[in-house]
Amino acid sequence: ARTILFEQSPELLKGQYPSSERSESRSKSISSRPNALCSDVIVMNTKETLMFFAWVILIGFLQMTVLRDVNLLAVLAVFAGLRKGATMGLIMGASVGLFSGILSGAAFGLNVGLYGALGFLSGIVKAHIFYKEDILMEVVFSFCGVILFYALYFILTKTAQAPILSTALFSAALSPILFRVIKR
């Protein structure tokens, strides 16, 4: 079973059509293959979706209880953007934010927006700069993601969180382990 989350035309991804031709071209390309699932459809199978949400719940509860000095949910949003791209990073990051908002009691839309933006931006940065899958890059992306999360949180709420630098360092240090466990 598959869940279709978003459909993109390869031409639109490459920016080959002027904006006036985009909708016309997209409707032609979709109508020419009405029953076909092709490579330009971003899909997640049901098992992958359920595993992601299981990880969100597990990491959320760990972060609330045992690992209070890390933000592994931000690392999970970064992971989603790096592994699945900007669109799926946005969707999966917003899902992380939805769960985080339920658990924390903070402003509900704020968490959805912050974690969604984190997943989206990590997917965009991966696509536009050199990214090689290794431990150093995972640590750097995770560290920057956590710092960005708390910086945006401060800008939007004018509220400083707990020691941000140590939280970012601990989160980044645990990120390679998290990336390896989730990737399986």
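Six aromatic pairs turn up when the whole structure is searched, and they make a good starting point for a walk through this predicted model.

**Stop 1: an edge-to-face pair.** Select F79 and F179. Their ring centres are 5.0 Å apart and the planes meet at 75 degrees, so this pair is edge-to-face. Now colour the helices: F79 belongs to α4 and F179 to α8, so to speak two distant parts of the chain, 100 residues apart, are linked here. Are these two rings buried or exposed? F79 is buried, at 9% relative accessibility, and F179 is buried too, at 0%.

**Stop 2: a stacked pair.** Next, pick F149 and Y153. This aromatic pair is stacked, with 6.5 Å from centre to centre and 25 degrees between the planes. Both residues sit in helix α7, four residues apart, or about one turn of the helix. F149 has a relative accessible area of 6% and is buried; Y153, at 14%, also counts as buried. Add Y115 and Y150 to your selection, and you have one aromatic cluster made of Y115, F149, Y150 and Y153.

**Stop 3: the core.** Keep Y115 on screen and bring in I59, L76, V96 and I182. These five have the most contacts inside the largest nonpolar core, which has 34 residues. Which helices build this core? At least two residues each come from α3 (46–65), α4 (72–84), α5, α6, α7 (135–157) and α8 (164–183). The biggest contribution is that of α4, with ten residues. As background, nonpolar side chains in soluble globular proteins tend to be buried together.

Zoom in on V96. Which residues does V96 touch, leaving aside its neighbours within four places in sequence? The contacts are F52, V56, L73, L76 and Y115.

**Stop 4: a patch on the surface.** Switch to a surface view and select L90, I91, F120, L121, I124 and L148. Together they make a nonpolar surface patch of about 410 Å². Helices α5 (86–104) and α6 (108–128) each supply at least two of its residues, and α6 has the largest share, with three. Try clicking on L121, which lies in α6. L121 counts as partly exposed because its relative accessibility is 35%.

**Stop 5: a loop residue.** Finish at K158, in the loop between α7 and α8. Check its backbone: phi is positive, about 60 degrees, although K158 is not a glycine. With 63% relative accessibility, K158 counts as exposed.

Methods:
Residues are numbered from 1 along each chain as its sequence is written. This is a predicted model: local features need pLDDT of at least 70, side-chain atom pairs count only at pLDDT 80 or more; totals for chains, interfaces and linings use all residues. Side-chain values use heavy atoms; hydrogens and water are left out. Patches are made of residues with over 30% relative accessible area and no salt bridge: like charges are joined within 9 Å, nonpolar side chains (Val, Leu, Ile, Met, Phe, Trp, Tyr) within 5 Å. Accessible areas come from the Shrake-Rupley method with a 1.4 Å probe; for residues, only the protein chains shown count as cover. A salt bridge is a side-chain nitrogen of Lys or Arg within 4 Å of a carboxyl oxygen of Asp or Glu. Buried means under 20% relative accessible area, exposed over 50%, partly exposed in between (1.4 Å probe, protein chains only). A nonpolar core is a set of buried Ala, Val, Leu, Ile, Met, Phe, Trp, Tyr and Cys residues joined through side-chain atoms within 4.5 Å. Contact means heavy atoms within 4.5 Å. Rings of Phe, Tyr and Trp (its six-membered ring) pair if their centres lie within 6.5 Å; planes under 30 degrees apart count as stacked, over 60 as edge-to-face and the rest as tilted.
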